[in-house]
Amino acid sequence: MLKEYAQIDENGYVLERYVFDIENGDILPKDCRPLWHPTVRFCKPKYNDVTKSWEEGADTTFLQAENEKIKTSMKVTFSKKCQESILLGFECEVNGTVYHFAYDQEAQLNFQSTYLLFENNMVDTIMWSAQKDNEKVRLSLGKALFTKVYLAGVKHKNNCLSYYHNTLLPLLQNATTIEETKKISWQSENINDQLLVLDENNTIEKKLQSIDATQTEVGAQKEYNAQLESTVLELADMVLLSSLM
């Protein structure tokens, strides 16, 4: 049976790797040792003849540098995974049915521009594309339903970004060994919901309504002041006339 072996130097470091079949007569050189288990990773493997086992032979500085290289590579990978997850789209329930909505770059721009149209009362309803059982459907969305879908998209994007920035990056930063770093991976099922609070009193529409109300109130106050001034003048004229009689 063929097995892998490593030729080592006087310090236990690997020089070459070989394959031998000892059971069928291959002679194992004295400076060869059975290779470490495939699941074990070493930056610089070293064989310890006292413990009869392989160990890490790299110094701390080298290991730290390698760990930082791996972290940098994984950050790039996770960033790509984050963007891919965002662009895959999201699910949202509309009138009792769950639909899938696209959220690529074009879809995001469409959501933003349409949201502004609704907020400025420029449209009452809009037809929007979605998917149900991988089939395209067209939905008629009023302002309330569109806002619900729009916010679901914002929440979906926020969840992905939060998972990347608030979960994975801190894990990478705190990983002190290569083994700890390599255990970290992008897990879509671990993207937890992040609480988004809608300030309904601070929307463009609410602000415009507030301005209109203020203007109405100011106008009413001006009219009241004008009437009061007119009444005061009339009373003054009456007092003046009575004094002359």
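Over which residues does pLDDT, the predictor's confidence in each residue from 0 to 100, stay under 50? The stretch is residues 240-245, and there the model has zero contacts (heavy atoms within 4.5 Å) beyond four places in sequence. This is a predicted model, in which local features need pLDDT of at least 70 and side-chain atom pairs count only at pLDDT 80 or more, while totals for chains, interfaces and linings use all residues. Residues are numbered from 1 along each chain as its sequence is written, and side-chain values use heavy atoms, with hydrogens and water left out.

For the chain, the mean pLDDT is 85, with 80% of residues at 70 or more. Helices (H or I, at least four residues) and strands (E, at least two) are DSSP runs numbered from the N terminus. Among these elements, strand 7 (residues 97-101) has the highest mean pLDDT, 98, and helix 5 (residues 204-244) the lowest, 60.

Helix 3 is a good place to look next. Its 32 residues (143-174) reach 45 Å from first C-alpha to last, close to the expected 46 Å, which is 1.5 Å times one less than the number of residues. A kink of about 30° lies at leucine 168, shortly before proline 170; the bend is the angle between axes fitted to the seven residues ending there and the seven starting there.

Two helices pack against helix 3. The axes of helix 1 (residues 60-87) and helix 3 come within 9 Å and cross at roughly 165°; axes are lines fitted to C-alpha atoms, for helices over the stretch in contact, and angles run from 0 to 180 degrees between N-to-C directions. Helix 1 and helix 3 are therefore roughly antiparallel (over 145 degrees; under 35 is roughly parallel, 65 to 115 roughly perpendicular and the rest oblique). The contact includes Phe78 and Cys82 of helix 1 and Cys160, Tyr164 and the kink residue Leu168 of helix 3.

Helix 2 (residues 105-119) packs on helix 3 at about 140°, with axes 10 Å apart, and the pair is therefore oblique. Residues meeting there include Phe111 and Tyr115 in helix 2, and Phe146 and Tyr150 in helix 3.
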